[in-house]
Amino acid sequence: MPNDITDLRDRSAEPTSGDRLDSWKEIAVYLKHSERTVRRWQEEGLPIHRHAHKKRAGVYAYKPDLDAWWNNGHARLEELERAQAARRPWFSWLAKRGPNPVGDLREQLAATGAILLVTGLTLGGWLSFSRKAHTLTEKDTIVLGDFTNTTGDTVFEGTLRQGLAVQLEQSPFLSLVSDEQIQQTLRLMGQPHEARLTSEIARDLCQRAGSKAYIRGSITNLGNDYVIGLTAVNCATGDSLAQEQMQAIGKEKVLDALGRGATNLREKLGESLGSIQKFDAPVEQATTPLLEALQAYNQGYKALTNGEFAAAVPLAQRAIRLDQNFAMAYALLGDTYSSLGETGLAAENYLKAYELRDRGSERERLYIESDYHQNITGDLEKARQIYELWAQTYPRDYVPPLNLCLIYGNVAQYDKSLLEARESHRLSPANGYIYAAFVTSYINLNRLQEAQAAADEALAKNIDPALLHIILYQLAFLKNDAVGMVRQIASSAGKPGVEDVLLASEADTAAYSGRLEKAREFSRRAVSAAERAEEKEVAAGYEAGAALMEALLGNTAQARERAASALVLSTGRYVQYGAALALALAGDAARAQALTDDLAKRFPQDTLVRFNYLSTLHAQLALNHNNTLKAIETLQAAIPYELGSVGYVTLYPVFVRGEVYLAARHGSEAAVEFQKLLDYRGLLGNSPIGALARLGLARAYVLQGDTVKAHAAYQDFLTLWKDADPDIPILIAAKKEYAKLVHRIGFPQQ
C-alpha cells in the first residue's frame, strides 16, 4: 500500500496469493481506515468476496481490485461523507423518515423539546465539536455513567452501558473504572451499591476514584428513529472533553450506531488511529446485534460479579437462547458454572465460546482462548502464554495477573503467584476475588499474619465476597481459632455455594482430629446442600473427598461405597482422580487402574492430570503390587508440580511418596517427605493427610532407629487424636505400634 492512499497506481495484473486479504481487519489495514468504515463501503461497491462454503461466510479481497476501486473516484468518499456531516443539522435525518413532511416533523420536535435537553445538544455544546478536544493520557481512568433513556423502552436500561463498555474495553489506551470499584465508592458516598450513575453521581464518584473523566450517554426517539448521544466530561472542571451523537433508523440499528460513536469518541479522547484500526471489532461481532440478548448478558454479568452465581445461570442461558452465536454469553455461562464448581458444564460452554471466538473483540478472543486452555485442555503453560500476551496488550486489565496468580499457585511457584496477586490488586483494588487470591497467596506461603491483615483490610472496606469467608475459615483453623471457625460457619447458613463448602470444611476438620462420625455427618450435609443447589459435580467432589478420608483411615468398604457414589454423580477430572485414588488406597486396583487409564485418555494435555494426578495414581498402584522402585520412579515426574495448590488433593504426591519409602524401609527418605507435609501447613490446611503425616513421621523415625524422635512423634499424633473415635483402624494400629515402642525402650505411655 503506498504511503499516500490518494495516489495509488493503476494495477491491472492478475491477483496472486500474495495480493489476497483474508479478513475485514486485513482489508481495513490495507485501506488505512477503520473496519467499521470499510464495511460501510460495501454499499459503494467495495470489491469483496465471500466464502460461501464457510459457516459464517468470511470475506476476502484482492489488493489490485481494491486499488482499482479506489482510483475510480472512491478516494473522495470519506471526504464527501465528512463534508456532508459537517453541513447537516443533527436532526435533519428525521425529515427523511416516514410520510410526514418536514413541517409536521418540526411541530413534533417542538412538542418533544426534551430531546434537545436529554441529548445535551445545546448550541454551545454543538459548537464545542469544532474546538480541539482535551485528550486523556494512558494513565487516566474513566467512569462510565448510566444512559438517560427517554424512549420508555426498558430494553435499553443497562444494555447500552454494557454495549459501550464492551466497545471501549477493546482499547488498550482507555481504562474504565471497574464495577467493583464503583460499588465500593458508592458505599463510601452513602449510596446503594446499585445506584444509577446519573451525571451528578458519576462526577462525584469520578473525583473520589481519582479518575480524569466520566462518560454520560443518552437515547431518545421519535417513533422508530433514535438519537444516541455520548459526552466525555472532565470530572474536575465539568468541561466537555468530547461529544458524539449518532442516528439509528430503527431499534435494531441502535447498537451499531453506538459502536460507531464509541469508535469516534476513542479518537477524540486521544487514542491513535493505528490502535483504533487494530482494536475495533464492530458491535455485532464484539457482542451481539440483539438488544435483548445483550440485556440478559448484562444482568447475568452483574449477578456473577456480585457473587450471585445461581442467579447468573438462567440469565446467561437466556442470552444464548436469543443469540446462539453470542460467544461471550457462552463464556459467561462457563465462568458461572466454574464458580459453582460444575467443571463439566463449564467445559461445555467454554468449548462453544472457543468455537465462536472469532465473533468477538481482541480482548474477548484472549479471554475465551485463555479460558479454553485453563479449563478444558488444562494446558497451563499455553494458558500462561495467552495471559502474558493479554497483559502486554492490555497492561491495565486486572484479569491476566489474577489468573496468572492462580496458575502459578497450581504449579507451586508461590512467589510469582503473590507478585501477580499484588499486580492484580494494584489494578483493581476494590475487587473481592482479588482480595481472596491475595489472602490465599499469603496462606500458601505460611505468612498467616499478612494473610489476616489483607483479609481485615477487605472487610474494613466492606469488600466481602463469599469466597473470602471460606478462606477465613481455613485461616482460623491454621491459627487454632475455634471461635473464628464457628463465626464463619454461622455466616454461611442458608447461602448456596458457601454453606456446602464450609460444611465440607467442617468434615475435614473433624477427620483431622479423628472424629470420624462427626466428619461423616458434616460430609453428608455438604452433599445434601450441594444437591439442593443442583450442583451435582460439587456434591460428587464431596463424595470423592469422603472416599479418600475413609481409605486413609483404613475403612476400605466405606471408601469404595463413597467413591462409587461420587462417580454416579460426575466423572469430572477432579472427581474421578479423587475416586480413583481412594479406590487404589482401598485396594481396588482393577477399578482404580481403569479410571486412571480413562483420565490419561480424556485429558492428554492437562498439566495437573499428566504430572500430578497420573503420577500419584501410578505410584499407588505400583505400591499395591509391592513395586516400590517403580513407584518412586513414577513420582519423579511430579516433583516440579507436587507442591502445587490443587484443592482437596493438594500434596498427595508427597504423601504417597512417603508411604512408598516406608514400604521400602527407607526411613530417612520417608521422614523428609512427611516433614515436608508438616512444613507446608498453609497449603494443607485441615486436610487429613496433615494429621497422618505425624504418624508417618513416627514410623519413619522407628525405621531410622531414632526412638526418642519416634516416641515424640507418636505422642504428637495421639495427642491430636485424643478425642478420636476409638474404632478407626489406623488409630488402632498406631496405638499398638506406640505400645510396642514404649515396651521396647521403657518410656512411660502418656
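## Cores, a strand pair and a buried aspartate

The largest nonpolar core of this predicted model has 185 residues. Within this core, the residues with the most contacts are Leu160, Leu164, Ile228, Leu269, Leu677 and Trp721. A second core, separate from the largest one, has 15 residues, including Leu21, Ile48, Ala61 and Trp69. In soluble globular proteins, nonpolar side chains tend to be buried together.

Isoleucine 228 can be followed further. Apart from neighbours within four places in sequence, isoleucine 228 is in contact with Phe147, Ser218, Ile219, Glu244, Gln245, Met246, Ala248, Val254, Ala257 and Leu258.

Two strands come next. Strand E4 covers residues 142-149, and 7 of its 8 residues are buried. Strand E5 covers residues 213-222 and pairs with E4 in the parallel sense, over 6 bridges. Opposite phenylalanine 147 stands glycine 217 of E5.

Aspartate 323 lies in a loop, with helix H15 (309-322) on one side and helix H16 (327-339) on the other. This aspartate 323 is buried but has no salt bridge. Because a salt bridge requires the charged atoms to be within 4 Å, arginine 359, the nearest side chain of opposite charge at 5.1 Å, does not form one with aspartate 323. The side chain of aspartate 323 does make a polar contact with that of threonine 288. Leaving out neighbours within four places in sequence, aspartate 323 is in contact with Thr288, Pro289, Leu290 and Ala293.

The two side-chain distances are set out below.

| Partner of aspartate 323 | Relation and distance |
|---|---|
| Threonine 288 | polar contact, 2.6 Å |
| Arginine 359 | nearest side chain of opposite charge, 5.1 Å |

Definitions and conventions
Residues are numbered from 1 along each chain as its sequence is written. This is a predicted model: local features need pLDDT of at least 70, side-chain atom pairs count only at pLDDT 80 or more; totals for chains, interfaces and linings use all residues. Side-chain values use heavy atoms; hydrogens and water are left out. A nonpolar core is a set of buried Ala, Val, Leu, Ile, Met, Phe, Trp, Tyr and Cys residues joined through side-chain atoms within 4.5 Å. Buried means under 20% relative accessible area, exposed over 50%, partly exposed in between (1.4 Å probe, protein chains only). Contact means heavy atoms within 4.5 Å. Helices (H or I, at least four residues) and strands (E, at least two) are DSSP runs, numbered from the N terminus. Two strands pair if DSSP finds at least two bridges between them. Lys and Arg count as positive and Asp and Glu as negative; His and the chain ends are not counted. A polar contact is a pair of N or O atoms within 3.5 Å; within protein, one must be able to donate a hydrogen and the other to accept it, and residues adjacent in sequence count only if both atoms are side-chain atoms.
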